[in-house]
Amino acid sequence: MEQTIIPKSIEEYILQFPQEIQEILKTLRKVIKESAPDAEEKISYRMPTFVLDGNLVHFAAFNNHIGFYPTPSGINTFKHELSGYKTSKGAVQFPIGKPIPYELISQIVKFRVDENKGKRKVK
């Protein structure tokens, strides 16, 4: 779905999509917030982004899928669980019209929180 405006907030981002997609994005946002309650929200790369000791995850809506971007480590760590989805180095595509694996997304976000907190301790 082509974006005509650059959103200033995640709420603004979500509102530019049809109701069906908005519901998916709202649930995804809620799952991420519950899994990373201390993370801050922002728009980065024109996508909803959660930040906690660095970028945590991004997500975005497209014509046929919801893109979820948990960095390469998030994809590699959960590659077995993500094997039924199209993935790339740092992204996974969840097809629109099929159930979104929110529990798996929650696990990946929690992994990313722990990973980023571990990086903070090393610094």
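**View 1. The side chains of E11 and R29 meet in a salt bridge, 2.9 Å from N to O.** E11 lies in helix α1 and R29 in helix α2, so the pair ties together parts that are 18 residues apart in sequence. A salt bridge here means a side-chain nitrogen of Lys or Arg within 4 Å of a carboxyl oxygen of Asp or Glu. Helices (H or I, at least four residues) and strands (E, at least two) are DSSP runs, numbered from the N terminus. Before you look further, keep in mind that this is a predicted model, where local features need pLDDT of at least 70 and side-chain atom pairs need 80 or more, while totals for chains, interfaces and linings use all residues. Residues are numbered from 1 along each chain as its sequence is written, and side-chain values use heavy atoms, with hydrogens and water left out.

**View 2. R29 has another salt-bridge partner, E41, at 2.8 Å from N to O.** This pair also links distant parts of the chain: E41 sits in strand β1 and R29 in helix α2, 12 residues apart. How covered up is each residue? R29 counts as buried because its relative accessible area is 16%; buried means under 20%, exposed over 50%, and partly exposed in between (1.4 Å probe, protein chains only). E41 is partly exposed, since its relative accessibility is 31%. E11, from the view before, is partly exposed too, at 35%.

**View 3. In helix α4, R112 and E115 form a salt bridge of their own.** The closest N and O atoms of this pair are 2.3 Å apart. R112 and E115 are three residues apart in the helix, so about one helical turn separates them. R112 is buried, with just 2% relative accessible area, whereas E115 counts as partly exposed because its value is 22%. Elsewhere, E11, R29, K33 and E41 are joined into one network by salt bridges that share partners. In total, the count comes to five salt bridges.

**View 4. Take a look at Q22, a residue of helix α2.** Is Q22 buried or exposed? Q22 counts as buried, because its relative accessibility is 8%. The side chain of Q22 reaches over to the backbone oxygen of F17, at 2.6 Å. If you skip the neighbours within four places in sequence, Q22 is in contact (heavy atoms within 4.5 Å) with I14, L15 and F17.

**View 5. Six strands make an open sheet, in the order β1-β2-β3-β4-β6-β5.** The pairing is antiparallel, and two strands count as paired if DSSP finds at least two bridges between them. Which strands sit at the edges? They are β1 (40-44) and β5 (86-87), and each of these pairs on one side only. α2 packs on the sheet and touches β1, β2, β3 and β4. Over by β5, two bridges join that strand to β6; one place to look is K86, whose bridge partner in β6 is Q93.

**View 6. Zoom in on β4, a strand with both faces covered.** H65, G67 and Y69 are buried on one side, and I66 and F68 are buried on the other. That makes five of its five residues buried. How do the neighbouring strands connect? β3 and β4 form a hairpin with three residues between them, and the two run antiparallel, joined by four bridges. Within that hairpin, H58 stands opposite Y69 of β4. Four bridges also join β4 to β6, again antiparallel, and there H65 has P95 as its bridge partner.

**View 7. The largest nonpolar core holds 35 residues.** L25, I32, F68, I105 and V109 have the most contacts inside this core. At least two core residues each come from α1 (10-15), α2 (19-35), β2 (47-51), β3 (55-61), β4 (65-69), β6 (92-95) and α4 (102-122). Which of them gives the most? That would be α2, with six residues. The term nonpolar core stands for a set of buried Ala, Val, Leu, Ile, Met, Phe, Trp, Tyr and Cys residues joined through side-chain atoms within 4.5 Å.

**View 8. V109 is a good place to see who touches whom.** Which residues does V109 contact, apart from neighbours within four places in sequence? They are I32, S35, A36, L56, V57 and F68. You've met some of these already: I32 and F68 join V109 among the residues with the most contacts inside the largest core. F68 also appeared in the close-up of β4, on the side that F68 shares with I66.

Technical notes: Axes are lines fitted to C-alpha atoms, for helices over the stretch in contact, and angles run from 0 to 180 degrees between N-to-C directions. A polar contact is a pair of N or O atoms within 3.5 Å; within protein, one must be able to donate a hydrogen and the other to accept it, and residues adjacent in sequence count only if both atoms are side-chain atoms.
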